[in-house]
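Please look at the sequence and the structure shown here before reading on. The report below is meant to be read alongside them.

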Amino acid sequence: EKALLYKQQALSDNFRPSAMSFSGGGEPLLYMDVIVSYMKLLRDIERRAGHKPWYYLYTNGILANSKVLAQFKELGFDEIRFHLGASNFSKEVYNNLKKAVHYFKAVTVETVAWEPHRKKLFAMLPIIEEIGVRHLNICEVEVNKYNYKKISKVMPQGKVYHCYETHLYDNGLAYDIFEEVIRKKYSYSVLDCNCFVKS
């Protein structure tokens, strides 16, 4: 019934989204049937509009095995972004990241500048260079009612600031990472994704 209503609606002449993303609110790969349904709808809109946006998805990478990656490629995704810190930089996720570069135009690591992960973040830099990651996005931890107690236990002296949401200040960790990438001349781009920069 919803699909029929959609088919009857006309698209705006200026409907030209630059990108469509699947992210936020949990791990998207737990909802593959939902992603498949939305991508079928979006690809149909794309054909009707005569315009293809850039499709990308964020994942913690745990479920991003070869079968899933091949399915995403077939669905039309251009990019996949891995949050390595979410799995505590597990070997399994590094292996899935390595597989992903064979399927997508762009593979990105997007993870947070979390001070307890400092050593693992620096250890990550040469690994993702060797894997062939195209981009590294570094953001800050968003503090909310679900993670506040754990964050305050691990980092009782942590400083927070408000920019749309509440963020944990990274004490310059992101810039330490950027300097290391420049110093070592890694080939991937590095983006500062903290709230103040993005806004």
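What follows describes some strands and their crossovers, then the aromatic pairs, and lastly the largest pocket of this predicted model.

**Strands and crossovers**

Strand β3 covers residues 79–82, and its side chains alternate in direction: Glu79 and Arg81 point one way, whereas Ile80 and Phe82 point the other way, and all of them are buried. On one hand, β3 is joined by four bridges to strand β2 (residues 54–59), and these two strands run parallel; within this pairing, Tyr58 stands opposite Arg81. Between β2 and β3 the chain passes through helix α3 (residues 66–75), which makes a β-α-β crossover that is right-handed.

On the other hand, β3 is also joined by four bridges to strand β4 (residues 106–112), again in a parallel arrangement, and here Ile80 stands opposite Val107. Together with helix α4 (residues 91–100), the strands β3 and β4 make a β-α-β unit that is right-handed.

**Aromatic pairs**

The structure holds six aromatic pairs, and two of them are set out in the table.

| Pair | Distance between ring centres | Angle between planes | Kind |
|---|---|---|---|
| Tyr56 and Tyr58 | 5.8 Å | 65 degrees | edge-to-face |
| Tyr175 and Phe178 | 5.2 Å | 85 degrees | edge-to-face |

How buried or exposed are Tyr56 and Tyr58? Tyr56 has a relative accessibility of 14% and therefore counts as buried, whereas Tyr58, with a relative accessible area of 22%, is partly exposed.

In the other pair of the table, Tyr175 and Phe178 are three residues apart in helix α7 (residues 173–184), so about one helical turn separates them. Tyr175 counts as partly exposed because its relative accessibility is 43%, while Phe178, at 12% relative accessibility, counts as buried. Elsewhere, Phe22, Phe72 and Phe77 form one aromatic cluster.

**The largest pocket**

The largest pocket has a volume of about 1,200 Å³. It is lined by 33 residues, of which His83, Val112, Cys139, Glu140 and Glu142 are the closest to its centre. Which elements each supply at least two residues of this lining? They are β2, β4, α6 (148–154), β8 (165–168) and α8 (195–198). Sorted by class, the lining of the largest pocket contains 12 nonpolar, 14 polar and seven charged residues.

Methods. Residues are numbered from 1 along each chain as its sequence is written. This is a predicted model: local features need pLDDT of at least 70, side-chain atom pairs count only at pLDDT 80 or more; totals for chains, interfaces and linings use all residues. Side-chain values use heavy atoms; hydrogens and water are left out. Buried means under 20% relative accessible area, exposed over 50%, partly exposed in between (1.4 Å probe, protein chains only). Two strands pair if DSSP finds at least two bridges between them. A crossover is right-handed if, with the strands pointing away from the viewer, the path from the first strand over the helix to the second runs clockwise. On a 1 Å grid over the protein atoms alone, a cavity is a set of points where a 1.4 Å probe fits but cannot get out, and a pocket is an open set with protein on both sides within 12 Å along at least five of seven lines; lining residues have an atom within 4 Å of a point. Grid points are joined across faces, edges and corners, and a volume is the space filled by probe spheres set on the points. Ala, Val, Leu, Ile, Met, Phe, Trp, Tyr, Cys and Pro count as nonpolar, Asp, Glu, Lys and Arg as charged, and the others, Gly among them, as polar. Rings of Phe, Tyr and Trp (its six-membered ring) pair if their centres lie within 6.5 Å; planes under 30 degrees apart count as stacked, over 60 as edge-to-face and the rest as tilted.
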